[in-house]
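Visitor: I'm new to reading protein structures, and I'd love a close look at one single part of this one. Could you pick a spot and walk me through it?

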Amino acid sequence: MAKRKYREQLPPGFVGASGAEIFNRMLLDQGVDLMFGFPGGAVLPIFDVLFDSSIKFVMSRHEQGAIHMAEGFAKATGRTGAVIATSGPGATNLVTGLANAHMDSSPLVAFTGQVRSHLIGNDAFQEADMTGISRPVTKHNFLVKRVEDLGRVIREAFHIASTGRPGPVLVDIAVDATINTLDEPVNLEMDLPGYKPRTSGHVRQIKAATDVINASERPVLYVGGGVVHSGATDEMRAVAEKGRLPVTTTLLGLGTFDESNPLALQMLGMHGSATANYAVQECDCLVAVGARFDDRVTGKLETFAPRAKIIHIDIDPTSISKNVKVDIPVVGDARDILTKMLEYVETVDRTPWLEKIAEWKARYPFAYEKGSGGIKPQEVVERIGELTNHDAVIATGVGQHQMWAAQFYGWRKPRQIITSGGLGTMGFGVPSAIGAQCGRPEATVIDIDGDGSFSMTMGEVVTAVQNDLPVKFVVMDNEYLGMVRQWQEMFYDRRYSATPHPCPDLVKVAEGFGARGMRVTEPGELADALNEMLKHPGPVVLVAAVDPGENVFPMVPAGKSLHEMELGRLA
Ligand SMILES: Cc1ncc(C[n+]2csc(CCOP(=O)(O)OP(=O)(O)O)c2C)c(N)n1
Ligand SMILES: [Mg+2]
């Protein structure tokens, strides 16, 4: 390797340092030891510095891959993900990833190159107005035109991304701001007068909320991704157990409450458990914690939780009463609020309610019919759960397989599920699993993917191979864009328009990328194939030919109430 050209330790006030050197220094100071991205002209000065940097760089094959990797890293570790792309097409390739992170409140800082500051607005080569384009899909964004501003802005970006309700922040940097050097010492003090995320909950509100909980006969805790972000899992479990409160989680809340706990209702909503949905409809007190009443959760709003007093604990005041009228809001950090709540929550005898719930659970477990039509996708997930002792990190694509993963894995811990919740981005599985493995090298990371979703980003398998990341990709190949096919079957007279999805030979594709490729077609061979996959030290693509006719149940048809769900084979 060429001799080191750049300094990592900079003089006081960064005098004499270039913008690119400052970039590197500031990232190190923010604790970034790993970054994802893809190079280009407008970020050449930064990449030149990265060549010498102690920050590890993972190059993706597409910028969308890089930003999903950064989000997978963030979801798996709780740390802020960092990603870099060049101006123009490199930058616009990040947009889906920004939107995804925005919807799921994932802490992320995305850096994009921009044309020279004097050319901005000129339709210069590879110019795109990234602050304009990204405004609706970021928590905040910055355009840096002067090297003097770069250090401070990077600090502010990481601060905004990771505090309050986390989210993606974009920093667009004119290339001259990375080339120019500083003549005078620079001030790195953050300057964010309007940004004051509330962290501590109001005690009067907390008491009012707990009074309602204590007086209720049929309470339900409804827990979302906010509990993961705030690290409030233990506090939430303590409140649930002390108060004898059954707990249902959203897709992004999976793992915050051990599903083997008798108080667990599992996931709620469109493809949630019948128990969770019935419990929400019958409860007299619904306590939402770090959840935002998404329409996939509530079904028809007018009839959602019709008998309940609603308590909403959330760090983001703008999500209070946004979709559902809330009786008692408590704004602040979930961990802080739940810690205080634990004092006031009383242990109430709720035997009749808990018996009713036990009855529903016995009658309506997530279920499927074994024995006909080849390998059942649900069984693939169940087996993966058993073989990994419910302890793996599981990424998913979007579709039926994602819902089966949510229903059948058996979640135990937070940060186990890496999935695209709010945006529902097909193609999220492959790169997010890679990012998760980067952040948690010791963990078993498995991408439970669909043939359609996998096809969108499978080019990144080579990124796993070349970075020695032993990610396991299980492709549930039903030869369809299955979730859309299911809607066509149920609501469009089985007219399968553009949903049959024949794949190339994915085993050969995997081998071409340098991964191990495997295929399993017989139910009797499934367990052995999964075992072999898990034992293999490197990345594996295991294609499981699954029953193409299988549908996800329960299902609350769009616009219907939760209790009107179709139970499918359970009925
Ligand atoms: C980028 C993107 N395009 C389109 C969709 C709409 N969509 C949702 S699920 C789905 C089918 C997914 O197919 P596959 O990955 O094979 O999963 P399956 O449902 O078959 O398990 C489609 C097309 C989407 N969610 N994301
Ligand atoms: Mg499919």
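Guide: Let's go straight to Thr 396 and ask what it touches. Setting aside neighbours within four places in sequence, Thr 396 is in contact with His 401, Gln 402, Ala 405, Ile 418, Thr 419, Phe 428, Gly 429, Asp 447 and Ile 448. Keep in mind as you look around that this is a predicted model.

Where does this threonine sit? Thr 396 belongs to strand β13, which runs over residues 393–396. Its relative accessibility is 0%, so Thr 396 counts as buried. For a sense of how the chain folds back on itself here, find Val 475: it is 79 residues away from Thr 396 in sequence, yet their C-alpha atoms are 9.8 Å apart in space.

Now step back to see what surrounds this spot. The protein contains 23 helices and 18 strands. Its radius of gyration is 24 Å, close to the 25 Å that the globule rule gives for 571 residues, so the protein is as compact as a globular protein of that length. If you measure along the principal axes, the C-alpha trace spans about 75 × 60 × 40 Å. Thr 396 has plenty of company in being hidden, too: 58% of the 571 residues count as buried. Links across the sequence are a theme of the whole protein as well. Among contacts with a separation of 6 or more, 74% come from residues 24 or more positions apart.

A second place lets you practise the same kind of reading. Val 175 lies in helix α8, residues 175–179. With a relative accessibility of 11%, Val 175 counts as buried, because the cut-off for that word is under 20%. Beyond its neighbours within four places in sequence, Val 175 is in contact with Ala 42, Pro 45, Gln 114, Val 115 and Arg 116. Gly 41 is 134 residues from Val 175 in sequence, while the two C-alpha atoms are 8.7 Å apart.

One last thing to try is hunting for disulfides. How many disulfides does the structure hold? The count is 0. Cys 283 shows the reasoning nicely: the closest cysteine sulfur to its own is in Cys 285, 7.0 Å away, which is too far for a bond. Cys 283 is also buried, at a relative accessible area of 0%. Cys 438 counts as buried too, with 16% relative accessibility.

Key: Residues are numbered from 1 along each chain as its sequence is written. Chains are lettered from A and ligands numbered from 1 in the order in which they are written. This is a predicted model: local features need pLDDT of at least 70, side-chain atom pairs count only at pLDDT 80 or more; totals for chains, interfaces and linings use all residues. Side-chain values use heavy atoms; hydrogens and water are left out. Helices (H or I, at least four residues) and strands (E, at least two) are DSSP runs, numbered from the N terminus. The radius of gyration is taken over C-alpha atoms; the globule rule is 2.2 Å times the number of residues to the power 0.38. Buried means under 20% relative accessible area, exposed over 50%, partly exposed in between (1.4 Å probe, protein chains only). Contact means heavy atoms within 4.5 Å. A disulfide is a pair of cysteine sulfur atoms within 2.5 Å.
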